[in-house]
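Please look over the sequence and the model below before reading on. The report that follows takes one part of the fold at a time, with a short table along the way.

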Amino acid sequence: SRMLIGVRDIAPPLVQVISPNGGEVLTSGDTYRIRWAASDNSHVVRIDIYYSDNGGRRWQLVAERLDNIGYFDWRIPDTSSINVMVKIEAFDAAGNRRSDTSDRPFTIIRPSIRVTSPNGREVWDIGSVQTIRWTSTGITGNVRIDLSRDGGSTWTTIISSTPNDGSEQWTVTGPPTNRARIRIVSLANPAIWDVSDQDFTIRDTTPPSVRVTSPNGGEVWRVGETRKITWTATDNVGVTRIDIFYSTDGGRTWRTIATGLSNTGSYNWRIPNTPSTNCLVRIVAY
């Protein structure tokens, strides 16, 4: 008689995580290629991949029922941890399985930007050169810098593209405001941005430029005539008011002609009955 003897496969596959195997720093949202090596006395029929963000106490599925091709392109999840590990589980045709995990934890960081200056309560003068500063994590490519003068309700781009090196010089422009904020935006991923925590002030400290053009010396104007006083006045944020005065004693004392005028550049003055050969006109611009 003959007796048939069955041979059962009880040997599990061999499997090893190659990468990430410890110490790597990955950025959420990026794609990273997980690599492994797996073999079996017959063949590996299935690969499952897991990750843990707490050192292996809890595992979350990355992908399952993969062919044993040795790699998988993983979209890094939206998490932040310094205690991340990957686990590869291999199955053979007989249902045997074995797993391997990263030898040491690796890190996943969330990409971020943080404005550090101006971050609130600074006072920057119009025309001055100031340094905008920020820090970033996991950001590639250039950034854009925007300015708000109304506490963040509306924005204007002041630097359309600059390297993400943490600082950018800016010549401060008007108009003045006490509700200014800066926003830094990643050009590669505009969903990543940060704004000054509080308002800062843009201040106008430069006085207007003003020049009397007529009368400017040597004229003879008669009492009772109407003469045109003319001037030029400019400012970096605009002249909002003109006051006009005259003197009959060479500038020791002054009398008011008109105040609160618009910057039209001229004013029709009826010459008063104060005869003098030592008259001056003064224009004050605000």
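Which residue in E15 does Arg133 stand opposite? The residue facing Arg133 is Ser167 in E15. The model is predicted, and everything said here about positions and distances is computed from it.

**The sheet around E12**

Strand E12, which covers residues 129-137, pairs with E15 in the antiparallel sense over five bridges. These two strands belong to an open sheet of three strands in the order E10-E12-E15, again with antiparallel pairing. Strand E10 (112-117) and strand E15 (167-171) are the edge strands, each pairing on one side only. From one strand to the next, the twist averages 30 degrees.

Just ahead of E12, in the loop that links strand E11 (123-125) to E12, lies Gly127. Leaving aside neighbours within four places in sequence, Gly127 is in contact with Thr171 and Val172. The C-alpha atoms of Gly127 and Thr173 are separated by 6.2 Å, although the two residues are 46 residues apart along the chain.

**Strand E3 and its partners**

Along E3 the side chains alternate between two faces: Tyr32, Ile34, Trp36 and Ala38 point to one face and are buried, whereas Thr31, Arg33, Arg35, Ala37 and Ser39 point to the other and are not. E3 runs antiparallel to E1, to which five bridges join it, and Val15 stands opposite Ala38 in E3. Five bridges also join E3 to strand E6 (residues 71-75), and this pair runs antiparallel as well; here Arg33 stands opposite Asp73 in E6. In general, strands of a sheet pair through backbone hydrogen bonds, either parallel or antiparallel.

**Nonpolar cores**

The largest nonpolar core has 22 residues, and those that touch the most other members are Ile34, Ile47, Ile49, Trp74, Val86 and Ile88. The elements giving two or more residues to this core are strand E1 (14-19), strand E3 (31-39), strand E4 (44-52), strand E5 (60-66), strand E7 (81-92) and strand E9 (106-109). A second, separate core of 19 residues includes Ile113, Leu147, Ile182 and Ile184. In soluble globular proteins, nonpolar side chains tend to be buried together.

The surroundings of Val86 give a view into the largest core: leaving aside neighbours within four places in sequence, Val86 is in contact with residues including Val17, Ile34, Ile49, Trp59, Trp74 and Phe106.

**Individual residues in loops and strands**

Asn21 is found in the loop between E1 and strand E2 (25-27). Is Asn21 buried or exposed? Asn21 counts as buried because its relative accessible area is 18%, which is under the 20% limit for that class. Beyond neighbours within four places in sequence, Asn21 is in contact with Thr101, Ser102, Asp103 and Arg104. The C-alpha atoms of Asn21 and Pro105 are separated by 7.4 Å, with their places 84 residues apart along the chain.

Two residues other than glycine with positive phi values are set out here.

| Residue | Phi | Relative accessible area |
|---|---|---|
| Arg65 | near 55 degrees | 61% |
| Arg121 | near 80 degrees | 69% |

Arg65 lies in strand E5, while Arg121 lies in the loop between E10 and E11. Arg65 counts as exposed because its relative accessibility is 61%, and Arg121 is likewise exposed, with a relative accessible area of 69%.

The loop between E10 and E11 is also the place of Pro118, and the peptide bond from Ser117 to Pro118 is cis, with omega near 0 degrees. Another cis peptide bond joins Ser214 and Pro215, with omega about 0 degrees, and Pro215 has its place in the loop between strand E19 (209-214) and strand E20 (226-234).

**The largest pocket and the sheet around E21**

About 580 Å³ of space lies in the largest pocket. The pocket is lined by 24 residues, of which Glu219, Trp221, Ser276, Cys279 and Leu280 lie nearest its centre. Strand E21 (242-247) and strand E24 (280-285) each supply at least two residues of this lining.

Both strands take part in an open sheet of three strands with the order E22-E21-E24 and antiparallel pairing. Its edge strands are strand E22 (255-261) and E24, each of which pairs on one side only. Neighbouring strands of this sheet are turned by 15 degrees against each other on average, direction ignored. E21 and E22 pair in the antiparallel sense over four bridges, and the bridge partner of Phe245 in E22 is Thr256.

Definitions and conventions. Residues numbered from 1 in each chain as written. Predicted model: local features only at pLDDT ≥ 70, side-chain atom pairs only at ≥ 80, totals over all residues. Heavy atoms only, no water. Core = buried A, V, L, I, M, F, W, Y, C linked by side-chain atoms within 4.5 Å. Buried < 20%, exposed > 50% of the residue type's maximum accessible area, 1.4 Å probe, protein only. Contact = heavy atoms within 4.5 Å. Pairing = 2+ DSSP bridges. Axes fitted to C-alpha atoms, helices over the stretch in contact; angles between N-to-C directions. 1 Å grid on protein atoms, 1.4 Å probe; cavity = no way out; pocket = protein on both sides within 12 Å on 5 of 7 lines; lining within 4 Å. Points joined across faces, edges and corners; volume = space filled by probe spheres on them.
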